[in-house]
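This briefing is for a reader who is meeting the structure for the first time. Please keep the sequence and the 3D view at hand while going through the points that follow.

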Amino acid sequence: MLEHRVVDRDGVLVVDNCSGDNSLKEIREALPDIQTIAADRNGGFGAGVNLGVAKTTADYLLILNPDTYFEFNSVASVVDFMERSPDTALVGMDLVNPDGSRQYSARRFYSVFDVLARRVDWIGAMVPQRAKSHLMMDAWETGKPFDAEWVMGTGFVVRRSAFEEIRGMDESYFLYMEDVDLCARLWRAGYKIKGMPGAKLVHDHQRSSAAGPLTFAGRTHIHSLFLFRSRFTVPLFRPPGVGRIIGRKAGH
């Protein structure tokens, strides 16, 4: 990130969410002029983001997972677009695998069937077009910024004023769905969410959210899905779209 001048050193802040290893010590030794925060508890991804944002003053906030890296400064074009689009609160980066293949990080809001198709391989295999629609594959091919219903929290730029208006990330989610919830609340507040082809960010990840339902990751994901469903519309079969999401008042 520093190598490609995505941000200056004084604009970097690393939050350690009680990682339990020596990563924070190593960062401080390797980059002593980078601001770091050691959380006193692991409140989850959203809590970590809120903690970091509270210590910054920038008008635009770049939120990144630790398993990401840049190959060039792809953020400048995002900020330029947001400067010209005041109704856009959040732009999702174009996440790619290390081999350059796209991860399709902009998605449609879930129906129950979409959840099943994602977690049960044989159901997903029966409806490949449904997966293509859910991942908004055609929208990415235009090469232009497009309305995304929600984007993955792995890497995105958010407008501080909008983030603060909706009181940041919802810390009720320990892991998973907090990004879906954030986007839903921004839509409800009258803003737009965009996916931006070409704003590349390499994401070297493992898809833990697709793990079996009895694993910690699987159980946490299911819990977060039920929490989201208690606050927003999640129809049985037809995806709700932005309209139904913003049309129902949240329970918080």
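Is Lys192 buried, partly exposed or exposed? Lys192 is partly exposed, because its relative accessible area is 29%. The model in view is a predicted one, and the points below take up its salt bridges, its aromatic rings, its strands and the surroundings of one methionine.

**Salt bridges**

- Across the whole structure, a search finds 13 salt bridges, and one of them joins the side chains of Lys192 and Asp87, with a distance of 3.7 Å from N to O.
- This pair links distant parts of the chain, since Lys192 belongs to strand E10 (residues 192-203) while Asp87 lies in the loop between helix H3 (75-84) and strand E5 (88-96), the two being 105 residues apart.
- Asp87, like its partner, is not hidden from the surroundings altogether: with a relative accessibility of 35%, Asp87 counts as partly exposed.
- Another salt bridge is formed by Asp138 and Lys132, whose closest N and O atoms are 3.6 Å apart; here Asp138 counts as exposed at 52% relative accessibility, whereas Lys132, at 31%, counts as partly exposed.
- Asp181 and Arg185 also form a salt bridge, and their closest N and O atoms are 2.6 Å apart.
- Because Asp181 and Arg185 are four residues apart in helix H9 (residues 178-188), about one helical turn separates them.
- Both ends of this bridge lie in the buried class, with Asp181 at 0% relative accessibility and Arg185 at 11%.
- Elsewhere, Asp94, Arg102 and Glu141 are joined into one network by salt bridges that share partners.

**Aromatic rings and a charge over a ring**

- Four aromatic pairs are found in the structure, and in one of them the rings of Trp140 and Phe146 have centres 5.0 Å apart and planes at 80 degrees, so this pair is edge-to-face.
- Trp140 counts as buried at 2% relative accessibility, and Phe146 is buried as well, with a relative accessible area of 9%.
- The rings of Phe228 and Phe232 have centres 4.8 Å apart and planes at 20 degrees, so the pair they make is stacked.
- Phe228, at 2% relative accessibility, counts as buried, and Phe232 is buried with a relative accessible area of 0%.
- A charged group takes part in a further arrangement with a ring: the charged end of Arg130 sits over the ring of Phe237, at 4.5 Å from the centre of that ring.

**Strands and their pairing**

- Strand E1 (residues 13-16) pairs with strand E2 (residues 35-38) in the parallel sense, over four bridges, and within this pairing Leu13 has Gln35 in E2 as its bridge partner.
- Between these two strands the chain passes from E1 through helix H1 (residues 23-30) to E2, making a β-α-β crossover that is right-handed.
- Strand E5 is largely enclosed by the rest of the structure, because nine of its nine residues are buried.
- E5 runs parallel to E10, to which it is joined by seven bridges, and here Asp94 stands opposite Lys200 in E10.
- E5 is also joined by three bridges to strand E9 (residues 155-159), and these two run antiparallel; in this pairing Leu90 stands opposite Val158 in E9.

**Met177 and its contacts**

- Met177 has its place in the loop between helix H8 (160-165) and H9, and Met177 is buried there, with a relative accessible area of 4%.
- When residues up to four places away in sequence are not counted, Met177 touches Tyr110, His221, Ser224, Leu225 and Phe228, and Phe228 is one member of the stacked ring pair with Phe232.
- Met177 and Thr220 are 43 residues apart along the chain, and their C-alpha atoms are separated by 9.9 Å.

Conventions: Residues numbered from 1 in each chain as written. Predicted model: local features only at pLDDT ≥ 70, side-chain atom pairs only at ≥ 80, totals over all residues. Heavy atoms only, no water. Salt bridge = Lys/Arg side-chain N within 4 Å of Asp/Glu carboxyl O. Buried < 20%, exposed > 50% of the residue type's maximum accessible area, 1.4 Å probe, protein only. Phe/Tyr/Trp six-rings, centres within 6.5 Å; stacked < 30°, edge-to-face > 60°. Lys NZ or Arg CZ within 6 Å of the ring centre and 35° of its normal. Pairing = 2+ DSSP bridges. Right-handed = clockwise from strand over helix to strand, strands pointing away. Contact = heavy atoms within 4.5 Å.
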